[in-house]
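Work through these exercises with the model open beside you. Try each task before reading its solution.

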Amino acid sequence: MKLNLAECFFQKAEQQPHHPLILGPGAEDKISYAEFRAEVQALAKHLKDVGVNNRSNIGLHYPSGRDYVAFVYAIWACGACVTPLPRELTAPEKQQIFQFIQMDGVLSSVDLLDQICASIQPDALCITPRAVFARVEAICEAPPQLAEVNAAFIRFTSGTTGDAKGVVLSHESIYARIQAANQTLQIDATDRILWLLSMDYHFAVSIVAYLTFGASIILPKNSFGVTLLTAAARHQATLIYGSPTHYNMMIQDDTGACLPAELRLAIVTTTALRAEIADAFYARFGRTLNETYGIIELGLPAINVSQAKEKQGSVGQVLPAYELRLDCLPGEQQGEITFRGKGMLDAYYSPWKSRDAILQQNDGWFRTGDLGQLDRDGFLYIVGRIKEMISVGGMKFFPDEVESVLENHCAIHAACVFGVQERQWGEAAVAHLVMEAGKAAPDENELRAYCKQYLASHKIPSRFQWVEQLTYTASGKRIRNAEKLPLP
Amino acid sequence: MKIQQSLHNYIISERFAGRAPEKFDDDYDLIDSGTIDSLFVMGLITYLEQQYQVEFGMNDMVPRHFRSVNALAEFVQHKAG
């Protein structure tokens, strides 16, 4: 019998029916494992009635929160796979996902339905007062190899037209990665986790682990510092899972709110933690932040639990279930971080590339595209990126996507987008633009309005700078490293 | 356009997909109603910074400035000096 993560949760609910699963935002939102299981099972029955089955792939177009978790587990309980459709994306960005990943239906918030109307059939069925199920217009076909994978998630990541990827994760891979992470995190039923991230991007190692190991999830109403601290204190959080921006928000709180004494881990993920935030957090709360290294293809192979203060700036030692190899040039201590171990992705979706095929390209090791360095105690430090991903407030995207939108503007001949450090959101995107001959330069407001038609707001550059020409490497590759670019 | 009107339009368009909730006025509680969530606040700040040439620092990220359209407008005016 195939593993199903919904069954793992049902078993946990059997063991601890009265244990709280969701705490907050309001008192009325508290729900136990047994109550949540009943909710998931009722939703699954509803979905089966409308035709969702173990061959289906269902888009999920819904805000993060309790309902989101219930929908994922209900889809899994039908034996179907989930493809997140992040709500902050623009209608064209969502359409791109429909064109790339075959979906049989979409479970959508009623409020967001307008944004995907071009891709769905009009007769949407009511599933809850706030959610509808709609069948998807057949636009593309699934790769035939997908049927051989017990797929739980297909996560779309955008890139240039040719680089868009769907990361396929099976129930088995997710189960393996949460077991691997939990050797270090040690999450169990005594844990109450303050959850702060988007579930579209963070679910497979975190939320699934909490439901599998019997923990409680605290959902705050918003991300203002006082709200986070109050929620953590009220529910005696033992663990916080957030981005540097969230911890910065807590530092800025001016009400004097404190962290609960029960807190044992404050996990930082999504982007590099600046030393000033780590220092200010320690000065204010007397606690250290636990940096991690996580990527969708791998899970969470490094967590700094043992020496968070002494080795500040390190993502920790590699977890026992993983092996790390730095691919360094001769004589250099820094190199590309490569891993092998448990719970790696099952495949890239299109063109289909199996895990074995991906690993074969690099002698069995997965290339992360990040540059790292190890200290003498085996603590890993991330020193840069080979892939030029930008992370604004924890929302990640690749510059190629923004560049291709800009280069479609009639006044822009070429564009180069790169990330720069920014105090509020960690990073911001900046665009260098080369004007098309004979055209007048549009002003920043016009460029922003143009980008807004095609790009989610976090991807729109905060600055546009006109330059004579872009900067390229000797081999003709666009340089997107801010430190190596000339000032215009 | 008044800041309140501009904010009103932005919130209805970006947060409520063009359909304002009942009793949505300039004193509508954006925090208690859950209108301002983690994701929306990021877009809102970017919009205000670009629209009114103001800069939000981390110490401005406290609920009282975001409580209502009126509170936000007052804060933007204060920032713009």
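## Exercise 1: A loop residue with positive phi

A:D363 is exposed, with 10 other C-beta atoms within 10 Å. This model is predicted.

**Task.** Find where A:D363 lies, and state what sign its phi has.

**Solution.**
1. Start with the place. A:D363 sits in the loop between α10 (355-360) and β21 (366-374) of chain A.
2. Check the backbone. Phi is positive, about 45°, although A:D363 is not a glycine.
3. Check the burial class. A residue counts as exposed with 12 or fewer other C-beta atoms within 10 Å. A:D363 has 10, so the exposed label follows.

## Exercise 2: A second positive phi

**Task.** Decide which burial class fits A:Q186.

**Solution.**
1. Locate the residue. A:Q186 lies in the loop between α5 (171-185) and β10 (192-195) of chain A.
2. Read phi. The value is positive, about 55°, and A:Q186 is not a glycine.
3. Count neighbours. There are 14 other C-beta atoms within 10 Å, so A:Q186 is partly exposed.

## Exercise 3: A cysteine in a strand

**Task.** Is A:C126 buried or exposed?

**Solution.**
1. A:C126 belongs to strand β6 (residues 125-128) of chain A.
2. A:C126 has 11 C-beta neighbours inside 10 Å, and therefore counts as exposed.
3. Now take a distance. The C-alpha atoms of A:C126 and A:V110 are 8.8 Å apart, with the two positions 16 residues apart along the chain count.

## Exercise 4: Cis peptide bonds

**Task.** Inspect the bonds leading into A:P25 and A:P351.

**Solution.**
1. A:G24 and A:P25 are joined by a cis peptide bond, with omega about 5°.
2. A:P25 falls in the loop between β1 (20-23) and β2 (31-32) of chain A.
3. A:S350 and A:P351 are also joined by a cis peptide bond; here omega is about -5°.
4. A:P351 falls in the loop between β19 (347-348) and β20 (353-354) of chain A.

## Exercise 5: The partners of β26

**Task.** Which strands pair with β26(A), and in which sense?

**Solution.**
1. Take β25 (residues 412-422) of chain A. This strand pairs with β26(A) in the antiparallel sense over 10 bridges.
2. Look at the link. β25(A) and β26(A) form a hairpin, with three residues between them.
3. Find a facing pair. A:A415 stands opposite A:L433 in β26(A).
4. Take β27 (residues 463-466) of chain A. Four bridges join this strand to β26(A), and the two run parallel.
5. Find a facing pair here too. A:H432 stands opposite A:Q465 in β27(A).
6. Check the cover. Strand β26 (residues 426-435) of chain A has eight of its 10 residues buried.

## Exercise 6: What covers α11

**Task.** List the buried residues of helix α11 (residues 399-407) of chain A, and name elements that cover them.

**Solution.**
1. The buried residues are A:P399, A:E401, A:V402, A:E403, A:V405 and A:L406.
2. Their cover includes β23 (390-392), β24 (395-397), β25, β26 and α12 (444-452) of chain A.

## Exercise 7: The nonpolar cores

**Task.** Which residues touch the most other members of the largest nonpolar core?

**Solution.**
1. This core has 125 residues, and A:A74 and A:I75 touch the most other members.
2. Helix α3 (residues 66-77) of chain A gives the largest share of this core, 10 residues.
3. Trace A:A74. Leaving aside neighbours within four places in sequence, A:A74 contacts A:V40, A:L43, A:A44 and A:L47.
4. Another core lies apart, with 42 residues, among them A:V392, A:V405, A:L406 and B:L72.

## Exercise 8: The domains and the whole chain

**Task.** How far apart are the C-alpha centres of domain 1 and domain 2 of chain A?

**Solution.**
1. Set the bounds. Domain 1 of chain A is 1-387, and domain 2 is 390-484.
2. Their C-alpha centres lie 28 Å apart.
3. The contact takes 16 residues from domain 1 and 14 residues from domain 2.
4. On the domain 1 side, α4 (91-100) and α8 (244-252) of chain A each supply at least two residues.
5. By class, that side has four nonpolar, nine polar and three charged residues.
6. Step back to the chain. A compact globule of 488 residues would have a radius of gyration near 23 Å; chain A has 22 Å, which agrees.

Conventions:
Residues are numbered from 1 along each chain as its sequence is written. Chains are lettered from A and ligands numbered from 1 in the order in which they are written. This is a predicted model: local features need pLDDT of at least 70, side-chain atom pairs count only at pLDDT 80 or more; totals for chains, interfaces and linings use all residues. Domain bounds come from an automatic or database domain assignment. Two residues are in contact if their C-beta atoms, placed from the backbone, lie within 7 Å. Ala, Val, Leu, Ile, Met, Phe, Trp, Tyr, Cys and Pro count as nonpolar, Asp, Glu, Lys and Arg as charged, and the others, Gly among them, as polar. The radius of gyration is taken over C-alpha atoms; the globule rule is 2.2 Å times the number of residues to the power 0.38. A nonpolar core is a set of buried Ala, Val, Leu, Ile, Met, Phe, Trp, Tyr and Cys residues joined through C-beta atoms within 7 Å. A residue is buried if 20 or more other C-beta atoms lie within 10 Å of its own, exposed if 12 or fewer, and partly exposed in between; C-beta atoms are placed from the backbone. Two strands pair if DSSP finds at least two bridges between them.
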